[in-house]
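Me: Could you walk me through reading a structure, one feature at a time? I would like the general idea and then the case at hand.

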Amino acid sequence: MKKIYLLLAVLFIQSNVFSQMEEDGWYLSFGVNAINNLGTQSPINSPDDWYFNSVPATLSAEFNWAGNFSIEPSLSYNQIKSGKSLDGGQLDKDYDYIALDTHVKYYFGKFLLPKSNRIELYANAGLGFFHIDETNISANVGGGILFWLSDKKNIALRAQTISKFAFNHPKSGFDNNHFLYNLQLVFKMN
């Protein structure tokens with residue numbers, strides 16, 4: 001009899017997980033980004049450490065696989081113009097910034113704001129690849145807020161911050177630790 005109860009419990013838990021996957025599903029988003037390369041300076045004292053040039057685009061797809069957890073690969077493009085300061089040096093040419101990141105997200109907003117149906121808070125962590133003048137890999141941590149624009153929860157506005165910590169920081173030239181900020185429109189696909 002215990003085996004039957006255990007089997008029923010396992011089936012019940014699996015059916016809840018699968019229904020959450022079907023209910024939450026896929027989200028596609030696009031928007032703009034800004035890079036903050038702190039170097040050794042304060043972001044408040046030195047606005048030259050902020051880069052928002054060319055077409056600062058961010059694209060991502062997110063899949064919610066279990067309740068409060070999801071995974072999101074994203075692609076970001078920006079440009080750092082000549083004459084700007086980067087890590088204490090003056091740039092003599094334009095540099096393209098490309099980042100490819102994958103994050104696991106944990107949505108915890110319902111625990112802090114249980115009565116809010118439109119605001120979701122999350123923390124994320126993962127790995128990234130980025131290129132300025134050389135290629136580097138980063139460990140990423142961050143968080144964000146998602147604000148649903150409709151009661152159907154099919155379109156939202158997201159603001160996100162990612163701290164990117166380069167693995168090969170001392171030897172990488174310009175490709176070092178920095179922040180990547182995103183502002184995106186999010187669309188639910190199912």
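What follows is a conversation about this predicted model.

Me: Let's begin with confidence. Where in the chain is it lowest, and where is it highest?

Reply: Good place to begin, and a general caution comes with it: where pLDDT is low, the predicted coordinates should not be read in detail. Here the mean is lowest in helix H1 (residues 2-24), at 42, and highest in strand S8 (residues 119-131), at 94. Residues 1-23 have a pLDDT below 50, and this stretch has nine contacts in the model beyond near neighbours in sequence. For the chain as a whole, the average pLDDT is 79, and 74% of the residues score at least 70.

Me: Thanks, I'll keep that in mind for helix H1. How many helices and strands are there in the chain?

Reply: The chain has two helices and eleven strands. Along the sequence their order is α-β-β-β-β-β-β-β-α-β-β-β-β.

Me: And how do I read the pairing of strands? Which strands pair with S11, for example?

Reply: For pairing, look at the bridges and at the sense in which the strands run. Strand S1 (residues 26-36) pairs with strand S11 (residues 178-188) in the antiparallel sense, over ten bridges. Within that pairing, Tyr27 has Lys188 in S11 as its bridge partner. Strand S10 (residues 155-166) also runs antiparallel to S11, and ten bridges join the two. There, Leu180 in S11 stands opposite Ile162.

Me: What should I expect of the side chains along a strand?

Reply: In a regular strand the side chains alternate between the two faces of the sheet. For a residue to look at, take Ile35, which lies in strand S1.

Me: Is Ile35 buried or exposed?

Reply: Ile35 has a relative accessible area of 2%, so it counts as buried. Ile35 is also a nice case of sequence distance against spatial distance: His178 is 143 residues away in sequence, yet the two C-alpha atoms are 7.1 Å apart. Across the chain, among contacts between residues at least 6 apart in sequence, 60% join residues at least 24 apart. Buried residues account for 36% of the 190 residues.

Me: Let me turn to the outside. What do carbon and sulfur atoms supply of the exposed area?

Reply: They supply 67% of the roughly 10700 Å² that the chain exposes. A nonpolar patch on the surface is made of Phe30, Leu59, Leu75, Ile98, Leu100 and Phe129, whose accessible area together is about 530 Å². Phe129 belongs to strand S8. With a relative accessible area of 35%, Phe129 is partly exposed because that value lies between the 20% and 50% cut-offs.

Me: Now for charges. What is the idea behind a salt bridge, and how many are counted here?

Reply: Side chains of opposite charge can pair when their charged atoms come close. In this model the count is seven. One of them joins Arg158 and Glu72, at 2.9 Å from N to O. That pair links distant parts of the chain, with Arg158 in strand S10 and Glu72 in strand S4 (residues 69-80), 86 residues apart. Both Arg158 and Glu72 are buried. They also belong to a network of salt bridges that links Glu62, Glu72, Lys105 and Arg158.

Me: What about Lys164 and Asp101?

Reply: Their side chains meet in a salt bridge, at 2.4 Å from N to O. Lys164 is in strand S10 and Asp101 in strand S7 (residues 95-107), with their positions 63 residues apart in sequence. Lys164 is buried because its relative accessible area is 1%, and Asp101 is buried at 0%.

Me: Which partner does Asp151 have, and where are the two found?

Reply: Asp151 forms a salt bridge with Arg118, with their closest N and O atoms 2.7 Å apart. Asp151 is in the loop between strand S9 (135-148) and S10, while Arg118 is in the loop between helix H2 (109-112) and S8. Asp151 has 60% relative accessibility, so it counts as exposed. Arg118, at 27%, is partly exposed.

Me: One last feature, the backbone angles. What is phi of Lys153?

Reply: Phi of Lys153 is near 55 degrees, a positive value in a residue other than glycine. Lys153 sits in the loop between S9 and S10, and is partly exposed at 25% relative accessibility.

Definitions and conventions. Residues numbered from 1 in each chain as written. Predicted model: local features only at pLDDT ≥ 70, side-chain atom pairs only at ≥ 80, totals over all residues. Heavy atoms only, no water. Pairing = 2+ DSSP bridges. Helix = DSSP H or I, 4+ residues; strand = E, 2+ residues; numbered from the N terminus. Buried < 20%, exposed > 50% of the residue type's maximum accessible area, 1.4 Å probe, protein only. Contact = heavy atoms within 4.5 Å. Areas by Shrake-Rupley, 256 points an atom, 1.4 Å probe, with all protein chains shown as cover. pLDDT = per-residue confidence, 0-100. Patch = residues over 30% accessible without salt bridge, like charges linked within 9 Å, V, L, I, M, F, W, Y side chains within 5 Å. Salt bridge = Lys/Arg side-chain N within 4 Å of Asp/Glu carboxyl O.
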